[in-house]
Amino acid sequence: MSRTPEEDFSDLKIGKPPEKAGGLPAVVSTMKHVWTKSGVMKGTAALLRVNQIAGFDCPGCAWPDPAHRSAAEFCENGAKAVADEVMEADVDDRFFAKFSIDDLKAQTDFWLNSQGRIARPVVRLDGASHYQPISWDDAFALIASNLNALENPDRAVFYTSGRTSNEAAFLYQLFVRELGTNNLPDCSNMCHESSGVGLGEVIGIGKGTVLLEDFDKAEVIVVMGQNPGTNHPRMLTALQSAKRLGAKIVSINPLREAGLVSFVHPQEVTTLLGQGTHLSDVFVPVRVNGDVALLKALMKRLLELDDQKPGIVDREFIDKKTAGWAEFEADLRAESWDTLIDLSGVEMPIVNEVADLLAANDNIIVCWAMGLTQHKNGVANIQEVANLLLMRGAIGKPGAGACPVRGHSNVQGDRTMGIHEKPNPAFLDAMEARFGVPMPREHGHDTVAAMQAMMRGEVDVFFAMGGNFLSATPDTDFTARALQKCALTVQVSTKLNRSHLVTGKDALILPCLGRTEIDIQDGPQFVTVEDSMGMVHASRGGNKPASKKLMSEPAIVCQVAQATFPDSKIPWESFGAKYDLVRDAIEACIPGFDDFNKRVRQPLGFALPNGPRIGEFPTPDGKAHFTVHAAPKHELEADEFIMMTIRSHDQYNTTIYGLDDRYRGVYQGRRVVLMNAVDMAEMGLKAGALVDLKSVFNGVTREAPRFSIVPYEIPRRCIATYFPEANVLVPVDSYADRSHTPTSKFVVTTMKPSETL
Ligand SMILES: Nc1nc2c(c(=O)[nH]1)N[C@H]1C(S)=C(S)[C@@H](COP(=O)(O)OP(=O)(O)OC[C@H]3O[C@@H](n4cnc5c(=O)[nH]c(N)nc54)[C@H](O)[C@@H]3O)O[C@H]1N2
Ligand SMILES: Nc1nc2c(c(=O)[nH]1)N[C@H]1C(S)=C(S)[C@@H](COP(=O)(O)OP(=O)(O)OC[C@H]3O[C@@H](n4cnc5c(=O)[nH]c(N)nc54)[C@H](O)[C@@H]3O)O[C@H]1N2
Ligand SMILES: [Mo]
């Protein structure tokens with residue numbers, strides 16, 4: 001067996017996880033990433049435009065911007081995302097001539113990303129060893145000829161990652177539907193789909209119900225299955241502010257994440273060296289996927305407290321606004337305390353402490369991310385959160401509600417723009433009326449279904465608007481084989497990644513402008529995005545594009561469309577030239593965008609309508625719904641562990657910025673398994689021992705060799721690894737009921753010591 005560069009553990013160091021996030025180390029890390037990658041001047045200039053009213057939306061995450069902004073409205077990891085984009089365009093003709101595709105495959109993801117921005121369009125024709133330069137026109141002609149040759153439009157699949165602007169997303173889905181398919185899988189399928197489906201069913205909208213200002217009015221904020229210190233650092237500012245105003249914070253997580261313990265605001269100079277704000281009042285070390293049991297335990301306790309002293313269950317709200325209470329209450333009363341406590345892994349005193357807080361305070365916000373959505377019962381997890389809020393009447397009023405914290409900076413906007421394999425018929429009707437082009441009605445493939453269709457040989461063209469489909473999807477080896485069955489794969493990208501190396505017979509890389517860059521078409525253009533709380537605002541880059549040969553995403557879509565449909569009724573050429581015209585079309589087709597061009601030019605943009613936020617539930621019966629879910633039981637064999645795959649502090653999804661996970665005390669290595677010391681002792685494993693991991697699902701075995709064991713404070717029989725390294729172990733057919741989100745936080749795994757090499 002040969003060793004890959006990732007499997008070299010000579011520099012791996014394990015330290016103690018810090019007690020607090022932010023502070024000086026965050027400032028130092030920010031400057032290191034920004035200045036070494038993009039140069040002092042260009043990097044600093046870019047940072048000063050992040051999230052400013054006349055600047056660009058941070059490509060880091062979807063956390064909203066406050067109305068009153070500081071000159072430095074960014075965080076350490078947002079700065080890394082910006083620095084990563086503001087790199088030189090060194091992936092150019094010379095680069096592609098020098099390195100064959102096989103040479104590139106031998107490199108790590110970290111190396112691939114650190115080569116710089118992609119400078120020009122390139123093609124690899126069937127059998128060639130290298131990518132070669134291609135002109136934009138020839139690239140568009142190649143795509144058009146493949147699309148026009150399809151036996152059926154459903155033999156093409158169009159993926160979207162969540163950085164794509166509203167304008168690009170709207171144009172993209174319009175083109176795909178003009179072609180005649182709804183095959184529009186997106187990263188949301190792997191991310192907050194369980195939140196969308198879960199909330200959609202019970203409150204009538206698949207989005208959160210709070211605004212940023214609600215945090216300052218909240219009395220209790222519960223943060224579940226989320227690691228904001230790394231993934232949404234600007235959220236810590238909101239938590240700190242709420243905390244200073246008296247709110248209590250409850251953190252429900254198998255790991256005691258540093259960002260949730262204590263926080264030193266990196267931009268508050270006076271507190272930079274201090275101890276910081278202690279954030280979590282209660283830490284609840286739930287077992288992986290013990291959340292349904294835990295939430296039911298909390299609600300059962302609330303019922304008991306209400307029996308003792310009525311008023312905790314908000315009966316007036318329940319009578320007026322909801323349905324399903326009687327069955328829900330009966331199920332909770334019938335649950336056994338022993339079972340709930342056992343399945344949650346949380347001790348009774350902690351359950352009581354949290355229940356007391358939830359009983360004593362009416363303004364409750366629950367925030368969550370991937371720790372809840374990426375489970376077989378992901379939809380049930382979210383609906384239990386909704387049950388809790390509804391029972392306390394904590395939805396539809398200021399300072400309370402549901403807050404799914406979105407990942408990619410415009411993933412929510414892309415959905416609003418119609419990037420969805422199951423489009424709303426009213427939206428299709430509106431597009432037919434506006435453009436006079438028939439729209440396909442049959443549902444298309446989501447991400448998992450697209451992978452399976454490719455594997456069956458039912459996909460000829462795979463087109464990706466951003467992202468890294470190969471490494472982000474589950475079951476890497478399966479996805480690799482599936483992608484290679486396509487005739488043509490097209491990647492619209494900014495940086496090199498593994499999806500450029502495992503491709504269809506022919507492959508194109510189309511390099512696009514990033515958020516930070518000036519976009520000139522018929523004059524300077526700007527785009528718009530929607531944040532995690534449904535605020536829509538403008539984003540304008542200020543940097544000179546990394547290369548003259550880049551095109552904007554909207555322009556790329558319009559040119560592909562023009563090449564494919566030279567006689568289209570849709571005004572592709574003018575759409576590509578003037579994004580105001582695209583916004584007019586969005587206004588005509590999507591509710592909530594009245595006066596779009598005018599309102600988006602207001603300094604703070606505008607909020608999209610949200611019924612539940614004001615206590616109106618757009619479900620078929622106009623009520624919010626209580627739902628009943630059984631707590632999942634997991635019978636593990638003696639040698640089995642539940643593995644969750646998570647992000648380190650130095651990565652953005654599949655983009656690896658560096659090899660450290662500072663907040664967990666892991667340095668210079670990513671092939672690690674966080675494991676409970678008692679489990680290690682039982683298995684006879686020492687810190688630093690190398691193990692091969694194996695998952696078996698539906699009779700199929702998947703293996704990932706050589707991971708180093710790190711002792712960690714994590715519940716017994718639970719382990720954690722980083723994605724994408726562990727994605728080979730996530731089975732393609734293990735996904736959430738109804739939302740089809742891969743179960744990236746729940747992979748039953750065994751391990752055995754690795755052979756010495
Ligand atoms: N810097 C940076 N920022 C990012 C990203 C990034 O990669 N890097 N990615 C972006 C994207 S697309 C997304 S979706 C978000 C992701 O943001 P997160 O969801 O915070 O990301 P994960 O690392 O997947 O962390 C999941 C958290 O859930 C916990 N967890 C795992 N299983 C369970 C469980 O069963 N129950 C509970 N209660 N908790 C559990 C883990 O311990 C971990 O703290 O971040 C976005 N922002
Ligand atoms: N095991 C496991 N797997 C997971 C997860 C997990 O927690 N565990 N999380 C899942 C989640 S939540 C998500 S959202 C997905 C993420 O899946 P993706 O969105 O597909 O992956 P990213 O790594 O964010 O994509 C990175 C690439 O996007 C391109 N890019 C960056 N900026 C731009 C831009 O402005 N325009 C264009 N066109 N391209 C750009 C760059 O070329 C870069 O290499 O992964 C999922 N996969
Ligand atoms: Mo995500």
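How many strands make up the closed barrel, and in what order do they run? The barrel has six strands in the order 23-30-27-29-28-31, and their pairing is mixed. Strands here are DSSP runs of E with at least two residues, helices are runs of H or I with at least four, and both are numbered from the N terminus. Two strands pair if DSSP finds at least two bridges between them.

Before going further, a word on the model. It is predicted, so local features need pLDDT of at least 70 and side-chain atom pairs count only at pLDDT 80 or more, while totals for chains, interfaces and linings use all residues. Residues are numbered from 1 along each chain as its sequence is written, ligands are numbered from 1 in the order in which they are written, and side-chain values use heavy atoms, without hydrogens and water.

Back to the barrel: strand 23 (residues 641–646) and strand 31 (residues 747–753) run antiparallel and are joined by three bridges. Phe-641, for instance, has Thr-749 in strand 31 as its bridge partner.

Now to the ligands. Around ligand 1 there are 31 residues, counted when a heavy atom lies within 4 Å. The closest are Asn-253, Glu-257, Asn-289, Asp-291 and Asn-653. Ligand 2 has 30 residues around it, with Tyr-159, Ala-472, Glu-553, Thr-654 and Asn-727 coming nearest.

The table lists some polar contacts, meaning pairs of N or O atoms within 3.5 Å.

| Ligand atom | Protein partner | Distance |
|---|---|---|
| Ligand 1, nitrogen | Asp-291, side chain | 2.7 Å |
| Ligand 1, oxygen | Lys-745, side chain | 2.8 Å |
| Ligand 2, oxygen | Asn-497, side chain | 2.8 Å |
| Ligand 2, nitrogen | Arg-647, side chain | 3.1 Å |
| Ligand 2, oxygen | Lys-745, side chain | 3.0 Å |

Lys-745 thus appears with ligand 1 and with ligand 2.

Taken alone, ligand 2 exposes 930 Å², of which the protein buries 96%; these areas come from the Shrake-Rupley method with a 1.4 Å probe. The shell of ligand 2 holds ten nonpolar, 15 polar and five charged residues, whereas that of ligand 1 holds twelve nonpolar, 15 polar and four charged. In this scheme Asp, Glu, Lys and Arg are charged, Ala, Val, Leu, Ile, Met, Phe, Trp, Tyr, Cys and Pro are nonpolar, and the others, including Gly, are polar.

Where do the ligands sit among the domains? Ligand 1 lies between domain 3 (193–404) and domain 4 (636–753), because both give residues to its shell. For ligand 2, domain 2 (93–189 + 410–609) and domain 4 (636–753) each supply at least three shell residues. The domain bounds come from an automatic or database assignment.

Notes
Polar contact = N/O pair within 3.5 Å; in protein donor to acceptor, adjacent residues only side chain to side chain.
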